[in-house]
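Colleague: Could you walk me through this one? I'd like to start with the empty space inside.

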Amino acid sequence: MTDARSALSEQDIQKKIEETRKRFRIEYAQDSPDKYDPRDVDRLWKDDVLVDGYLEWRHFVVEDTLKMIDESLKWRKEFKLNDINESSVQKSLFESGMHYLHGYDKEGNKLFWFRVKLHMKDVKMLTEKKRYVAFWLESYTRREPGIPLTVIFDMSEAGLSCVDMDLIKYIINCFQVYYPRLLSKMLMYEMPWIMNAAWKMVKNMLSQDAIDKLKFVSKSDIQNYVDRENLPSYMGGTDPFKFSYPPLPDDVFQNPISETGQEDDTESKDDDLEAKDTLEPSSPTLRTRNVYLAQDGDNEGSIRWKGSRRPTVTFKGTLLYISPDDELCFGHREGEKRCLIMLNNVTKNQVAFKVRTTAPEKYRVKPSNSSCGAGKSMEITVSLHGGSLCSPQDRFLIMAAEMEPCSGGGSTDLAHFWKGVPKAKIMEHRLRCRMLEGIKLALSPVTDRSHKMETNGYQDMHTTLLQLMASSSRLEQKMDHCLWWQKLLTVLVTALMALGFSALYTGEWPF
């Protein structure tokens, strides 16, 4: 999939997206408009990321992508996924504990558990079990759009009586067709040798892209992918969690998401200190594109951006455009402990927003609860507090709602506004946190010289500019020094020449 994308420019991809929409409207949607949920079709027209995900999974072949979208949207209407909730699923399936979301892998991806030994084949229950799987996947994608899952097929103590090929095929379709980009990897844990024949049948259903995401693991090597604190004791871990129902556990956040609480009122002091410090080069991080220089003529911005990571990738929501689109990147050095979130109001009314996080004790946000005028932009500063370090499990939630034209925007108005706004009118966007690779280098026992050699090719623009300015200053000092000697020599030569001419006229030499 990556090779197919790398061969196309952004303009080519956008053309593919428009072509896919146009052909889908003509070849599929017009003939039988009632076979899809209108809400899904509306998303298809508006959400470029959704269409791009289908295209990427089908290697940007439009014909194959159209078939995938058709199958996916028909499935969504069949299972009524836009309206699915806990009451849509039989209680006994929740009580079985066959599937659940809990914990994270080493990359910060949520773990989706399949306890194979708890499943017994039952044709009469097949449809209900499919709806049960769909409930978990749809619930997750609503709360964490665009963030992939890691699936653990726990086959310990499972026998052939637990293998249901129809259900397995359905689960594979969920990740191959219905939810493109959702699967990060699939860990097949302790697959018994007796299931090799069944596995060969399953493998024939998979595309090569899906096969590449499969990892066969045992108790001895599963910790290469998941830390001990996120594994149960029978896998060699220390996680005491045991799924039980009711109630449903928080299926996305291990810690309840909370208001950010305190705002960072030391920003101006930190900026003054950072303006005096020499910025060190940062190590590269995958999927982040950060710019450190302000716009031309923006003198205030040149100070504000210093020590902060300015986002350039944008999430286009219905009320706000938000940058970055999916993650905040923090590091160990002073210049990497602060990020900026850019909000751009794209409505004709004032939009109220507030920021929540799963780790309010670690982060300071300013402002955390405010409003943005129509057509205006606002910056939110997120900084690590004290000696705290970011974790891949940390999440931020930005909530936004459109205000009535008569609303004020003061703190009292906002508090009253949030109490009365309907949940359906609230736009939500989630950001995960990523730790820069530079922190690992800073904590490892390597010399500063070797670290500079390793990161030399990845210095950011701002650091490079500072280095050039420092070099220019040193050259200027040397030139001033040379000019001083040149002037002194000129004076001496002039004095000697004056004495020489004087001696020629008078015939008297001073020595």
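Colleague: Which element gives the largest share of the lining of the largest cavity?

Modeller: Helix H8 (residues 165-178) does, with five residues. This is a predicted model, where local features need pLDDT of at least 70, side-chain atom pairs count only at pLDDT 80 or more, and totals for chains, interfaces and linings use all residues. Residues are numbered from 1 along each chain as its sequence is written, and side-chain values use heavy atoms, with hydrogens and water left out. Helices (H or I, at least four residues) and strands (E, at least two) are DSSP runs, numbered from the N terminus.

Colleague: How many cavities of 30 Å³ or more are there?

Modeller: Two. The largest has about 310 Å³ of space. It is lined by 25 residues, and the closest to its centre are Val116, Phe153, Met155, Ile168 and Met188. E2, H8, E4 and helix H9 (196-205) each give two or more residues to that lining. A cavity here is a set of points on a 1 Å grid over the protein atoms alone where a 1.4 Å probe fits but cannot get out, and lining residues have an atom within 4 Å of a point. Grid points are joined across faces, edges and corners, and the volume is the space filled by probe spheres set on the points.

Colleague: Phe153 sits in E3, right? Is that strand's surroundings covered or open, and how many of its residues are buried?

Modeller: Strand E3 (residues 149-154) is mostly covered, with six of its six residues buried. Buried means under 20% relative accessible area, exposed over 50%, and partly exposed in between (1.4 Å probe, protein chains only). Leu149, Val151 and Phe153 point one way from E3, while Thr150, Ile152 and Asp154 point the other way.

Colleague: Why do they split like that?

Modeller: Because in a regular strand the side chains alternate between the two faces of the sheet.

Colleague: And which strands pair with E3?

Modeller: Strand E2 (residues 110-115) is joined to E3 by six bridges and runs parallel. Phe114 has Phe153 as its bridge partner in E3. From E2 the chain crosses through helix H7 (residues 126-143) to E3, a right-handed β-α-β crossover. Strand E4 (residues 183-189) also pairs with E3 in the parallel sense, over six bridges, and Ile152 stands opposite Leu187 there. E3, H8 and E4 make a right-handed β-α-β unit too. Pairing needs at least two DSSP bridges between the strands, and right-handed means that, with the strands pointing away from the viewer, the path from the first strand over the helix to the second runs clockwise.

Colleague: Switching topic: what about the antiparallel sheet?

Modeller: It is an open sheet of five strands in the order E9-E10-E12-E16-E14. The edges are strand E9 (315-316) and strand E14 (363-366), each pairing on one side only. E14 pairs with strand E16 (residues 377-384) over four bridges, and Arg364 is the bridge partner of Ser383 in E16.

Colleague: How many disulfides does the structure hold?

Modeller: Zero, taking a disulfide as a pair of cysteine sulfur atoms within 2.5 Å. The sulfur of Cys390 is 5.6 Å from the closest cysteine sulfur, in Cys433, so that is too far for a bond.

Colleague: Are Cys390 and Cys482 buried or exposed?

Modeller: Cys390 is buried, at 8% relative accessibility, whereas Cys482 is exposed, at 52%.

Colleague: Last one: what does UniProt list for residues 483-505?

Modeller: An unreviewed entry lists "transmembrane region" there. UniProt positions follow the numbering used here, feature names are shortened, and annotations may be inferred rather than shown by experiment. In the model that stretch is 100% helix and 0% strand, with end C-alpha atoms 33 Å apart.

Terms used
On a 1 Å grid over the protein atoms alone, a cavity is a set of points where a 1.4 Å probe fits but cannot get out, and a pocket is an open set with protein on both sides within 12 Å along at least five of seven lines; lining residues have an atom within 4 Å of a point.
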